[in-house]
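Subject: Structure handover

Hi,

Here is the structure I promised to pass on to you. My notes on what turned up in it follow below.

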Amino acid sequence: MAETEVVPDQAVYDALLADDLNVNTQLSTWEMLRRTAQRVPENDALITGDTHITYQELAGQSLRAAAALADLGVGRGTRVAFQFHPCPDWGVLHYALARLGAVGVPINTSYMATELEHLFTLAQPELLITVDRFRDADMAARLFPVVARFDSIAETVVLPLDEGGWVAPSPERDLVYGSDGGNELSPTSGVGGDDPAYIIFTSGSTAAPKPVLIAHRGMVGAATGLQHALGLVPEDRFVASNPVFHTGGIVWNLTMPHLVGMTSCLVGVYETGKVLREMERSKITVMGAFDTKLTMMRNAPEYHTVDRSSVRKCNVGASGSFLRSVLGDWNWETVAQVYGSTESGGLGSITPRYEIDPKVRYDANGRPMPGMEFVIKDPETGHRCAPDEPGEICFQGWGTFIEYVGMPEATAEAFDDEGFFHSGDYGFMDAAGNLYFRGRYKLMIKTGGENVSEREVEIFCEDNLDAVKFAIVVGVPDPLWGEAVVAFVELHDGAIETSDNLVEACRGRIANFKIPKRFLVVGEEDWPLLDSGRPDRHELRARAAALMGAEGETRLRFGGGTGGAQPG
């Protein structure tokens with residue numbers, strides 16, 4: 001936070017946030033947009049390229065699409081699967097479904113037959129809407145063989161795209177969006193904050209994706225927290241590059257800016273250079289990112305050529321040391337760390353704007369928002385942990401999801417007798433109530449009888465090893481230790497270190513059983529990434545296991561092997 005920024009009074013800030021959350025979590029995303037369109041009708045709601053859509057226009061187009069979808073039989077509770085990229089046509093569909101009370105089922109654009117079958121089996125959509133292509137892939141050809149096996153899908157509409165990435169005029173388009181000058185549905189809707197809005201499939205980084213049913217209140221509440229933490233105003237502009245099949249895309253690309261009345265600048269297909277150029281072109285003031293995306297930006301040629309000085313506010317997910325390493329490259333006045341998940345509606349805690357302690361601001365993952373209660377529990381006993389004592393992050397409140405669709409046993413197992421959702425995340429809370437996320441319990445390595453959090457070791461490496469810019473830690477099978485701790489690291493420019501040297505640099509600074517047995521160097525362009533932009537741990541674990549298996553059984557016995565750091 002810049003020294004010149006006025007720091008709000010904590011009591012006043014908390015009270016205003018609580019009041020806004022009490023009101024906003026009662027709203028559907030459509031009702032949220034309707035109120036904003038009444039307040040700032042001529043403000044730009046969406047910008048793509050040179051096309052500007054005002055709030056008044058977005059609301060009107062959404063009501064026309066709602067009327068067309070109603071003619072297709074879409075109503076309250078209808079499950080509508082769709083496959084889209086971040087474009088204005090997606091935004092219109094989003095609000096049309098919300099007006100009707102339908103449940104959206106966004107499909108990951110990378111899903112192939114097995115993943116599509118998993119999604120359709122659990123979500124049971126009744127209508128499927130897809131663009132005809134994405135990144136030169138024939139989406140219809142990919143979908144149709146799978147769709148044919150599901151009787152629940154009564155109709156499939158394939159929307160042709162023009163060269164600019166918009167839905168082209170066609171009879172199919174009129175089926176979904178209505179014709180120009182066509183009927184509009186009444187703006188009055190009985191849908192509220194408690195009604196289901198989306199079935200979002202989790203990323204599947206540690207297990208098969210689960211279908212998470214989230215309510216409107218979670219998304220609007222998350223947007224409210226972002227509004228207060230970043231000090232958002234209608235004059236702000238957000239660079240919207242998140243995929244539409246994650247809560248991040250729905251909350252950050254649409255709900256957050258449209259709650260405030262600010263402008264969402266949609267860049268379509270994510271390309272790092274394109275995002276950076278959009279910052280200059282549209283004078284972006286607000287961005288969101290995490291460590292991998294910030295690294296990708298820093299490595300792009302445009303990073304050093306475009307004017308990014310207009311960006312003054314950022315919500316981020318990264319280790320404190322990584323965040324500090326990039327602060328000098330940006331003109332941010334306000335930075336907010338977050339903790340969230342699909343099951344929390346996208347956001348559960350965020351750094352409040354009154355926080356002035358840099359250690360808390362950069363190292364903690366914010367404070368739980370009013371109405372969201374967080375506790376840390378011992379995963380074995382279920383007892384609540386004391387301040388600073390690590391355990392499982394558990395929460396309940398307005399952001400908590402409704403259920404895992406079609407998985408009643410998994411839903412029941414996820415909640416305890418007090419109503420807290422057990423996230424499977426590892427962390428702690430300090431005495432002041434700040435939350436510290438330090439990894440997934442499923443991302444625990446069992447080595448020599450001890451549990452090691454992968455995220456804890458990653459943060460240690462980034463905070464304490466001068467040569468290390470970024471780290472991902474995995475466990476690989478080992479005949480001696482059960483599992484061995486292995487660290488993939490990206491080094492700072494010019495740094496040259498051997499695996500043995502990095503191991504020695506850890507000694508005496510972290511418990512011996514947590515020290516990686518081997519460090520493997522990854523070049524800045526060589527990280528395998530998921531569609532979310534996060535490193536693919538499955539792929540890294542496979543690489544490490546293959547490499548270690550080729551080096552013989554004594555490779556890890558003395559903590560670091562016998563050779564230097566190897567390319568990942």
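Two strands count as paired if DSSP finds at least two bridges between them. By that rule β18 pairs with strand β19 (residues 391-397): six bridges join the two, and they run antiparallel. Before I go further, please keep in mind that this is a predicted model.

**The four-stranded sheet**

In the pairing of β18 with β19, Lys377 stands opposite Glu392 of β19. These two strands belong to an open sheet of four, ordered β18-β19-β21-β22, with antiparallel pairing. At its edges are β18 and β22 (435-440), each of which pairs on one side only. From one strand to the next, the twist averages 45 degrees. Helix α15 (residues 454-464) lies across β21 (421-429) and β22, and runs at about 115 degrees to β22.

**Aromatic rings**

You may enjoy this part: the structure holds 16 aromatic pairs. One of them is formed by Tyr339 and Phe374, whose ring centres are 5.9 Å apart; their planes stand at 80 degrees, and angles over 60 count as edge-to-face, so this pair is edge-to-face. Since Tyr339 lies in strand β15 (residues 334-339) and Phe374 in strand β18 (residues 372-377), the pair ties together parts that are 35 residues apart in sequence. Tyr339 has a relative accessibility of 3% and therefore counts as buried. Phe374 is buried too, with a relative accessible area of 8%.

Phe428 and Tyr436 make another pair: the ring centres are 4.6 Å apart and the planes at 5 degrees, so this pair is stacked. Tyr436 counts as buried, at 10% relative accessibility.

Which residues join Tyr339 and Phe374 in one aromatic cluster? They are Phe395, Phe401, Tyr404, Phe415, Phe421 and Phe437. One member of this cluster, Tyr404, also has a charge over its ring: the charged end of Lys210 sits there, 5.6 Å from the centre. Elsewhere, Arg173 lies over the face of Tyr177, at 4.6 Å from the ring centre.

**Two hidden strands**

Is strand β25 (residues 468-478) enclosed or open? Of its 11 residues, 10 are buried, so β25 is largely enclosed by the rest of the structure. Its partner is strand β26 (residues 482-491): 10 bridges join the two, which run antiparallel. A hairpin of three residues links β25 to β26, and Phe470 stands opposite Glu490 in β26.

Strand β9 (residues 196-201) is mostly covered as well, with five of its six residues buried. Five bridges join β9 to strand β10 (residues 211-215), and these two strands run antiparallel. Here Pro196 stands opposite Ala215 in β10.

**Helix α12**

Last on my list is helix α12 (residues 320-327), where Gly320, Ser321, Phe322, Leu323 and Val326 are buried. What do the buried residues of α12 pack against? Their contacts are α11 (291-299), β14 (313-317), β15, α13 (358-363), α15 and β25. Several of these have come up already: β15 carries Tyr339 of the edge-to-face pair, α15 lies across β21 and β22, and β25 is the strand that is largely enclosed.

Happy to talk it through whenever suits you.

Best wishes

Notes:
Residues are numbered from 1 along each chain as its sequence is written. This is a predicted model: local features need pLDDT of at least 70, side-chain atom pairs count only at pLDDT 80 or more; totals for chains, interfaces and linings use all residues. Side-chain values use heavy atoms; hydrogens and water are left out. Buried means under 20% relative accessible area, exposed over 50%, partly exposed in between (1.4 Å probe, protein chains only). Rings of Phe, Tyr and Trp (its six-membered ring) pair if their centres lie within 6.5 Å; planes under 30 degrees apart count as stacked, over 60 as edge-to-face and the rest as tilted. A charge sits over a ring if NZ of Lys or CZ of Arg is within 6 Å of the ring centre and within 35 degrees of the ring normal. Axes are lines fitted to C-alpha atoms, for helices over the stretch in contact, and angles run from 0 to 180 degrees between N-to-C directions. Contact means heavy atoms within 4.5 Å.
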